Amino acid sequence: MQGPQPEPFKTYRLGTEIDLKPYLEESKVNPEATADERAWARLSHFLINVYGLTAQIQTMTGQMFYLRSAPSAGGLYPTEVYLVSRGNQLLPAGLYNYQARTHALWRFWDDHIWQSLQSACFWHPALETTQVAVILTSVFYRSAWRYQDRAYRRICLDAGHVLGNLELAGALVDYRPHLIGGYLDSAINQMLYLDPETEGAIAVAALADMLQVEQNLPHLTTTQPSPLQAQVPQLAEGELLPFMHQATSIQQDDDFRWHSRRPSVADQVGPASTAIPDDKYNFPFCLKVTTTTPPIDWDTSLQGLEKTLLRRRSTREFSGTNLTLEELNAVLDFVYQPYHYIEQGLDGDPDYCDLSLIQTFVAVSGVDGLDTGCYYYAPLTQELRQIRFKNFRPELQYLCLGQNLGHDAGAVVFHTADLKAAIARHGERGYRYLHLDAGHLGQRLNVAAVRLGLGVSGIGGFFDDQVNEVLGIPADEAVLYITTLGRPAAATIS
């Protein structure tokens, strides 16, 4: 680390502030509120649940440390949230930055630029009838300040956390984000007036208003491929992060086409086979444990979900006490069986980049009713399949760079992917897609665990090459993200 920690908030010298705080007290169902007040309340609640401040703590040096509804590696918060308005009843056409510190929108550009957005997104059909889009960017140095060349993984995972909140917060106020992972990077950066050396677009989502019939849109593909890198140049220290972002960018305006992804999961009996990974690792004679369980109850009108988003914290210490199999099953159900939650008002078929590429393994150290060992989670058949019988506590601590969280967790979830298959399908951009999806899954793990009163913490730093050997995971499965689950030992911060 060199120099002071960079400021985790963006400021503008010119523009207009729209204060969203007064609308936090307004209910979208308040019969006495005007239509505009209810609309502002929806937007205000949406943004604070996506990326708003949830607490502030003064450190021993007197510095203020802010917590948000989405976790961030090291509390560095590289993600910025922008809104692009086509021009509607609330937001005149233009560009807006979400100011998390003051819970406000800063309108820094006043112009009709929707067509530029459509062009940059290769005329994605979701932008034809929607009025607002969300763009996530990353300010590179906020993460590189601490994590240097390994920062890009954390940047993508952090943005994935925000995508997870985007999905869940949208359900609270009848918005439906339609993810657009494939876009012309340079055009989006220019539209937002970003310096591409310091900040770059990481994801786009058209924000459909589900109260407007014409915005109830079909499910569409979310990705486009990027070209393959001819060769990797010799890079000096500190050059890997900008190279990675540039290499995973779509740099030419190809004649891309968007297609219908699949029928809505709400119209099906079970999960869509193309929505989640294939059922792999079905070894003969291995122990198989069903994970079928009743869905988590989020309370009337999803009040439990909003409270959970705003009180989410990353656990810093586990007690080492066992979890129950019922708790582990409930967490897995919320993450991988979203169609179970349609009746509670949640999105039964949320957008990911390409979930079919990601596999899930669970290292069990302390779960009542479940033998210790490493399990493959099969989402289609909803079962855990044991692939190795062993107590991994010492090894898990080592793999997590010596952190006690790995040792004391009751279960540790590993998200993995075949990088060669991802690159073959998506080009270099596949790396970005994989980590965005892993972060999205990780945030759903966070939210489910906190709702159940469990401790949870994501780990983006680990000994990559040794995870597979220790757990018995096939060598072609590269580890993307680790999430530890356990019983919290004390109040912690993220």
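**Exercise 1. Phe 463 at the surface**

Task: In this predicted model, work out whether Phe 463 counts as buried, exposed or partly exposed, and find which residues share a patch with it.

Solution:
- Start with the number: Phe 463 has 32% relative accessibility.
- Buried would need under 20%, and exposed would need over 50%. So Phe 463 lands in the partly exposed class.
- Now locate Phe 463: it's in the loop between strand 17 (455-459) and helix 13 (464-471).
- Finally, look at its company. Phe 463 joins Tyr 398 and Leu 401 in a nonpolar surface patch, and together they have about 270 Å² of accessible area.

**Exercise 2. Trp 106 and its contacts**

Task: Find out where Trp 106 sits, whether it is buried or exposed, and what it touches.

Solution:
- Trp 106 belongs to strand 6 (residues 104-109).
- Its relative accessible area is 16%, so Trp 106 is buried.
- Next, skip the neighbours within four places in sequence and list the contacts that remain. One set is Tyr 12, Leu 14, Gly 15, Thr 16 and Glu 17; the others are Leu 95, Tyr 96, Asn 97 and Gln 99.
- For a sense of distance, try Gly 455: it lies 349 residues from Trp 106 in sequence, and their C-alpha atoms are 35 Å apart.

**Exercise 3. Hunting for disulfides**

Task: Say how many disulfides the whole structure has, and explain why Cys 121 doesn't form one.

Solution:
- Remember what you're hunting for: a disulfide is a covalent bond between the sulfur atoms of two cysteines.
- Take Cys 121. The closest cysteine sulfur is in Cys 353, 13 Å away, and that's too far for a bond.
- Try Cys 353 next. Its closest cysteine sulfur belongs to Cys 156, at 9.6 Å, which is also too far.
- The search of the whole structure gives zero disulfides.
- As an extra, check burial: Cys 121 is buried at 0% relative accessible area, and Cys 353 is buried at 8%.

**Exercise 4. Helix 3 and its surroundings**

Task: List the buried residues of helix 3 and the elements they pack against.

Solution:
- Within helix 3 (residues 140-147), the buried ones are Phe 140, Arg 142, Ser 143, Trp 145 and Tyr 147.
- These pack against three strands and two helices: strand 4 (79-85), strand 7 (132-139), strand 9 (199-209), helix 4 (151-172) and helix 6 (240-247).
- Step just past the helix and you meet Gln 148, with a positive phi of about 50°.

How values were computed
Residues are numbered from 1 along each chain as its sequence is written. This is a predicted model: local features need pLDDT of at least 70, side-chain atom pairs count only at pLDDT 80 or more; totals for chains, interfaces and linings use all residues. Side-chain values use heavy atoms; hydrogens and water are left out. Buried means under 20% relative accessible area, exposed over 50%, partly exposed in between (1.4 Å probe, protein chains only). Helices (H or I, at least four residues) and strands (E, at least two) are DSSP runs, numbered from the N terminus. Contact means heavy atoms within 4.5 Å. Patches are made of residues with over 30% relative accessible area and no salt bridge: like charges are joined within 9 Å, nonpolar side chains (Val, Leu, Ile, Met, Phe, Trp, Tyr) within 5 Å. Accessible areas come from the Shrake-Rupley method with a 1.4 Å probe; for residues, only the protein chains shown count as cover. A salt bridge is a side-chain nitrogen of Lys or Arg within 4 Å of a carboxyl oxygen of Asp or Glu. A disulfide is a pair of cysteine sulfur atoms within 2.5 Å.
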